[in-house]
Structure formats: C-alpha cells, structure tokens
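Here's a quick briefing to read with the structure open beside you. Take it topic by topic, and look up each residue as you go.

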Amino acid sequence: MSQPFTCPHCGSHDYSIVLTGCDVAGATLQEDFAWDPERGEYSSGGTAILSSESVENEAGRAVCQECEKDVSEAVAAYEEQQGSGCA
Ligand SMILES: [Zn+2]
C-alpha cells in the first residue's frame with residue numbers, strides 16, 4: 001500500500017508542484033479567473049498544465065497547499081520512497 005505525502009510543517013497531504021522556466025511540449029494549459037468584487041478586478045490563480053507530452057524542468061518546486069511552505073525536499077524524499085518498491 002502506498003502512503004500519502006505528508007507535509008512536515010502542517011501534516012497536510014496536498015501539495016502543488018510549481019514549474020518555473022520549463023520546456024513543455026504539446027501541453028494543454030488552463031488559467032482560471034475569479035472576479036474579486038472587493039478589488040474590482042479579476043484574480044488569477046495562474047496557469048495550470050492540464051496535460052502535456054513531456055515536461056522538461058530543472059527548477060521544479062513543491063509547495064504545500066495548506067501552509068504554502070516549500071516542501072520540495074520532503075516531496076523528493078517521498079517520491080524516492082515510493083519508487084523503491086511496494087511492500
Ligand atoms: Zn503544510
């Protein structure tokens with residue numbers, strides 16, 4: 001059985017991978033806009049890759065969705081653990 005990733009800061013299992021300066025081939029991107037009546041403008045959550053043929057990236061960063069801290073090292077360790085075989 002696989003275990004979910006757990007944020008070392010807050011214990012959340014949800015995280016996002018932030019890709020910066022990556023080379024994406026054949027990608028489908030989506031950007032959501034939400035109207036913010038207080039600011040009188042649309043706010044965007046940024047562009048999300050829905051699917052892609054390949055993503056070449058060397059500057060990936062993992063961010064916890066709950067506390068928004070950088071969890072890159074924890075995610076890397078988690079993925080390494082998952083890749084080392086299932087018990
Ligand atoms: Zn967290």
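A residue is called buried if 20 or more other C-beta atoms lie within 10 Å of its own, and exposed if 12 or fewer do. Keep that in mind for helix α1, which is hardly covered: of its 12 residues, the count of buried ones is 1. One caution before we go on: this is a predicted model.

**The overall picture**

- The protein chain has 1 helix and 6 strands.
- Reading from the N terminus, the order is β-β-β-β-β-β-α.
- The radius of gyration is 16 Å, well over the 12 Å that the globule rule gives for 87 residues, so the chain is more spread out than a compact globule.
- Along its principal axes, the C-alpha trace spans about 50 × 35 × 20 Å.
- Buried residues make up just 8% of the 87 in the chain.
- Looking at contacts with a separation of 6 or more, 61% are between residues 24 or more positions apart.

**Two domains**

- Domain 1 comes in two pieces of sequence, 1-22 + 60-87, while domain 2 covers 26-56.
- The centres of domain 1 and domain 2, taken over C-alpha atoms, are 21 Å apart.

**The nonpolar core**

- Which residues make up the largest nonpolar core? There are 7 of them: Phe-5, Cys-7, Tyr-15, Ala-62, Cys-64, Val-71 and Val-75.
- As a general point, nonpolar side chains in soluble globular proteins tend to be buried together.
- Try clicking on Cys-7: leaving aside neighbours within four places in sequence, its contacts include the core members Tyr-15, Cys-64 and Val-71. Ser-12, Glu-66, Cys-67 and Ala-74 are also in contact with Cys-7.

**Strands β1 and β6**

- Strand β1 (residues 15-18) and β6 run antiparallel and are joined by 4 bridges.
- Within that pairing, Ser-16 sits opposite Val-63 of β6.
- Side chains alternate along strand β6 (residues 61-64): Ala-62 and Cys-64 point to one face and are buried, whereas Arg-61 and Val-63 point to the other and are not.

**The β3-β4 hairpin**

- β3 and β4 form a hairpin with 4 residues between them, and Gly-40 in the turn has a positive phi of about 70 degrees.
- The two strands, β3 and β4, pair in the antiparallel sense over 8 bridges.
- One bridge pairs Glu-31 with Thr-47 in β4.
- Strand β4 (residues 41-51) is hardly covered, with a count of 0 buried residues among its 11.
- Over in strand β3 (residues 28-36) you'll find Gln-30. Is Gln-30 buried or exposed? Gln-30 is exposed, because 11 other C-beta atoms lie within 10 Å.
- Setting aside neighbours within four places in sequence, Gln-30 is in contact with Thr-47, Ala-48 and Leu-50.
- Glu-53 lies 23 residues from Gln-30 along the chain, and their C-alpha atoms are separated by 15 Å.

**Helix α1 and the loop before it**

- Helix α1 (residues 72-83) has 12 residues, which at 1.5 Å a residue should span 16 Å; its end C-alpha atoms are 16 Å apart, so the two values agree.
- Glu-68 is in the loop between β6 and α1.
- With 12 other C-beta atoms within 10 Å, Glu-68 counts as exposed.
- What is the phi of Glu-68? Phi is near 60 degrees, a positive value in a residue other than glycine. For background, most residues other than glycine have a negative phi.

Definitions and conventions:
Residues are numbered from 1 along each chain as its sequence is written. This is a predicted model: local features need pLDDT of at least 70, side-chain atom pairs count only at pLDDT 80 or more; totals for chains, interfaces and linings use all residues. A nonpolar core is a set of buried Ala, Val, Leu, Ile, Met, Phe, Trp, Tyr and Cys residues joined through C-beta atoms within 7 Å. Two residues are in contact if their C-beta atoms, placed from the backbone, lie within 7 Å. The radius of gyration is taken over C-alpha atoms; the globule rule is 2.2 Å times the number of residues to the power 0.38. Domain bounds come from an automatic or database domain assignment. The expected span of a helix is 1.5 Å times one less than its number of residues. Two strands pair if DSSP finds at least two bridges between them.
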